[in-house]
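Biologist: I'd like to learn how to read a protein model. Could you walk me through one, feature by feature?

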Amino acid sequence: MSDLKKAAEELGASAALSHAKRAAGRALEDVLSTDEERAAREAREAEAQQKKRRKLIAFAVVGLLLVLGVVGLVLSYWQYFLLAGLVGLMALYGRYRWRKRRARSPSPAPAVIETEPPAVKARVASVTRPSAPDPSVDDELAELKSRLRK
């Protein structure tokens with residue numbers, strides 16, 4: 001978590017530094033430029049702002065037309081959308097019933113085919129069967145306990 005905090009602080013610091021650099025550059029440019037240069041820069045900035053505004057308006061109009069087109073499509077083909085919704089609901093209900101029925105009925109046990117000889121089975125059973133602890137381990141444990149008590 002501290003890595004994230006550190007990264008966030010570094011990101012904030014770098015953003016503040018770049019903003020301060022830009023502000024200092026503008027202030028220096030204002031001081032060093034003539035009135036005509038300032039007017040030309042302000043005109044360029046106003047033009048860029050207006051271009052940005054026009055672009056935003058164009059995207060909003062295109063988005064509105066797309067939304068109206070989708071609404072018109074739904075309104076003209078509402079019967080098919082309603083039918084698709086009903087079919088979907090029936091499919092969900094059928095899935096619910098099928099899962100409920102499958103959970104109630106026990107699944108049949110798979111048929112076991114013996115392919116291993118009995119000697120292998122006995123060996124596997126002896127290896128997997130838990131064995132009694134080694135008596136030497138018990139003796140060592142008792143000896144350690146007696147040392148601790150003294």
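Modeller: Sure. Let's begin with a small cluster: E29, D30, R41 and E45 are joined in a network of salt bridges. Keep in mind that this is a predicted model.

Biologist: What is the idea behind a salt bridge?

Modeller: Side chains of opposite charge can pair when their charged atoms come close. Now the case here: R41 makes a salt bridge with D30, and their closest N and O atoms are 2.1 Å apart. R41 sits in helix α2 and D30 in helix α1 (residues 2-32), so this pair ties together parts that are 11 residues apart in sequence.

Biologist: Are R41 and D30 buried or exposed, and how do I tell?

Modeller: Look at relative accessible area: under 20% is buried, over 50% is exposed, and in between is partly exposed. R41 has 10% relative accessibility, so R41 counts as buried. D30 comes out at 29%, so D30 counts as partly exposed.

Biologist: What share of the protein's residues count as buried?

Modeller: Of its 150 residues, 1% count as buried. The protein exposes about 14,400 Å², and carbon and sulfur atoms supply 66% of that.

Biologist: Let me step back to the fold. How many helices and strands does the protein have?

Modeller: The secondary structure comes to 5 helices and 0 strands. Reading from the N terminus, the elements go α-α-α-α-α.

Biologist: Back to charges, then. How many salt bridges does the count come to?

Modeller: The count comes to 5 salt bridges. Another one of them joins the side chains of R38 and D35, at 2.9 Å from N to O. These two are 3 residues apart in helix α2, so about one helical turn separates them.

Biologist: And how accessible are R38 and D35?

Modeller: Use the cut-offs again. R38 has 26% relative accessibility and therefore counts as partly exposed. D35 has 57%, so D35 counts as exposed.

Biologist: Can you show me a salt bridge in another helix?

Modeller: Try helix α5 (residues 135-149), where E143 and R147 are 4 residues apart, with about one helical turn between them. Their side chains meet in a salt bridge, 2.6 Å from N to O. E143 is partly exposed at 41% relative accessibility, while R147 is exposed at 53%.

Biologist: Which residues gather in a patch of positive charge on the surface?

Modeller: For a patch like that, you look for like charges within 9 Å of each other, on residues with over 30% relative accessible area and no salt bridge. Here R97, K100, R101 and R104 gather in a positively charged surface patch. Take K100 as your example: K100 lies in helix α3 (residues 78-104). With a relative accessible area of 46%, K100 is partly exposed.

Biologist: Which residues form a nonpolar patch on the surface?

Modeller: V70, L73, V74, Y77, Y80 and F81 do, and together they have about 600 Å² of accessible area. Helices α2 (35-76) and α3 each supply at least two residues of this patch. The largest share, 3 residues, comes from α2.

Biologist: Where does F81 lie, and how accessible is F81?

Modeller: F81 lies in helix α3. Its relative accessibility is 43%, so F81 counts as partly exposed.

Biologist: I see two tyrosines in that patch as well. How many aromatic pairs does the count come to?

Modeller: The count comes to 1 aromatic pair. The rings of Y77 and Y80 have their centres 6.1 Å apart and their planes at 45 degrees, so the pair is tilted.

Biologist: Why does that angle make the pair tilted?

Modeller: Because planes under 30 degrees apart count as stacked and planes over 60 as edge-to-face, with the rest called tilted.

Biologist: Let me try the accessibility of those two myself. Y77 has a relative accessible area of 43%, so I'd call Y77 partly exposed. Y80 has 57%, so I'd call Y80 exposed.

Modeller: You've got it. Now go back to the network of E29, D30, R41 and E45, and see if you can find it in the structure yourself.

Terms used:
Residues are numbered from 1 along each chain as its sequence is written. This is a predicted model: local features need pLDDT of at least 70, side-chain atom pairs count only at pLDDT 80 or more; totals for chains, interfaces and linings use all residues. Side-chain values use heavy atoms; hydrogens and water are left out. Patches are made of residues with over 30% relative accessible area and no salt bridge: like charges are joined within 9 Å, nonpolar side chains (Val, Leu, Ile, Met, Phe, Trp, Tyr) within 5 Å. Accessible areas come from the Shrake-Rupley method with a 1.4 Å probe; for residues, only the protein chains shown count as cover. A salt bridge is a side-chain nitrogen of Lys or Arg within 4 Å of a carboxyl oxygen of Asp or Glu. Lys and Arg count as positive and Asp and Glu as negative; His and the chain ends are not counted. The place of a charge is taken as NZ of Lys, CZ of Arg, CG of Asp or CD of Glu. Buried means under 20% relative accessible area, exposed over 50%, partly exposed in between (1.4 Å probe, protein chains only). Rings of Phe, Tyr and Trp (its six-membered ring) pair if their centres lie within 6.5 Å; planes under 30 degrees apart count as stacked, over 60 as edge-to-face and the rest as tilted.
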